[in-house]
Amino acid sequence: NAQRLGAAGVIVADNSCLCSDIKCVESSDIASCETSEPIMADDGSGSDISIPSFLTFKYDADKIKAELLADNPVQIEMAWSL
């Protein structure tokens with residue numbers, strides 16, 4: 001949907017803390033946490049998707065969401081090495 005609407009990329013925000021991320025667990029209102037890092041993978045249906053996407057941990061995503069809700073501009077760089 002994002003690509004069809006002209007998005008240059010997509011950020012997927014995890015909605016659960018990692019149990020090892022003490023800052024996230026302490027600041028979260030969710031009682032449960034994940035014991036292992038989430039995995040984002042193509043299930044085979046993404047052959048027509050050409051924009052990049054990445055997954056961010058809840059603690060970081062919450063900060064981004066707060067800035068957006070405050071109507072502040074947010075700039076994120078997608079970078080990786082191959």
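# Notebook: cavity, disulfides and surface

I began with the largest cavity, whose lining I listed as Asp14, Ser16, Cys17, Leu18, Asp21, Cys24, Phe57, Lys58 and Tyr59. The model I am working on is predicted, and I keep that in mind for each entry below. The space in this largest cavity is about 30 Å³, and my search of the whole structure returned one cavity of 30 Å³ or more.

**Overall layout.** I then looked up the secondary structure and found two helices and two strands in the protein chain, which follow the pattern β-α-β-α when I read along the sequence. For the overall extent I took the C-alpha atoms along the principal axes, and they fill a box of roughly 40 × 35 × 25 Å. Of the 82 residues in the protein chain, I note that buried residues make up 13%.

**Disulfides.** How many disulfides does the count come to? I get two disulfides, and with the bonded cysteines numbered in sequence order I write their pairing as 1-3, 2-4.

The disulfide between Cys17 and Cys24 has an S to S distance of 2.0 Å, and both Cys17 and Cys24 are among the residues I listed for the lining of the largest cavity. Is this pair of cysteines, Cys17 and Cys24, buried or exposed? I find Cys17 buried, and Cys24 is buried too. I looked up the torsion about the S-S bond of Cys17 and Cys24, which is about -75°, and therefore I enter this disulfide as left-handed.

The other entry is the disulfide that joins Cys19 to Cys33, with S to S at 2.0 Å. Here I read 100° about the S-S bond of Cys19 and Cys33, and I record the link as right-handed. This pair links distant parts of the chain, 14 residues apart, with Cys19 in the loop between strand E1 (10-13) and helix H1 (22-27) and Cys33 in the loop between H1 and strand E2 (53-56). I checked the accessibility of each partner: Cys19 has a relative accessible area of 29% and is partly exposed, while Cys33, at 32% relative accessibility, also counts as partly exposed.

**Salt bridge.** Which side chains meet in a salt bridge with Lys58? I find the side chain of Asp62 there, at 2.6 Å from N to O, and my count for the structure comes to one salt bridge. As background, side chains of opposite charge can pair when their charged atoms come close. I place Asp62 and Lys58 in helix H2 (residues 58-69), and because they are four residues apart in that helix, about one helical turn separates them. I looked up the cover on both partners: Lys58 counts as buried because its relative accessibility is 10%, and buried means under 20%. Asp62, at 30% relative accessibility, counts as partly exposed. I add that Lys58 also appears in my list of residues lining the largest cavity.

**Nonpolar patch.** On the surface I found a nonpolar patch formed by Ile11, Leu68, Val74 and Ile76, which together have about 310 Å² of accessible area. I followed one of these residues further: Ile11 is found in strand E1, and at 39% relative accessibility I enter Ile11 as partly exposed.

**Backbone at Asp71.** What is the phi of Asp71? I read a value near 65°, which is positive in a residue other than glycine. For reference, most residues other than glycine have a negative phi. I place Asp71 in the segment after H2, and I note that Asp71 is exposed, with a relative accessible area of 68%.

**Two C-alpha separations.** I first took Ser27, which has its place in helix H1 and counts as exposed at 53% relative accessibility. The C-alpha atoms of Ser27 and Ala41 are separated by 28 Å, with these positions 14 residues apart in the chain numbering. I then took Ala8, which I find in the segment before E1 and which is exposed, with a relative accessible area of 70%. From Ala8 to Gly44, 36 residues apart along the chain, I get a C-alpha separation of 21 Å.

Methods:
Residues numbered from 1 in each chain as written. Predicted model: local features only at pLDDT ≥ 70, side-chain atom pairs only at ≥ 80, totals over all residues. Heavy atoms only, no water. Disulfide = S-S within 2.5 Å. Buried < 20%, exposed > 50% of the residue type's maximum accessible area, 1.4 Å probe, protein only. Patch = residues over 30% accessible without salt bridge, like charges linked within 9 Å, V, L, I, M, F, W, Y side chains within 5 Å. Areas by Shrake-Rupley, 256 points an atom, 1.4 Å probe, with all protein chains shown as cover. Salt bridge = Lys/Arg side-chain N within 4 Å of Asp/Glu carboxyl O. 1 Å grid on protein atoms, 1.4 Å probe; cavity = no way out; pocket = protein on both sides within 12 Å on 5 of 7 lines; lining within 4 Å. Points joined across faces, edges and corners; volume = space filled by probe spheres on them.
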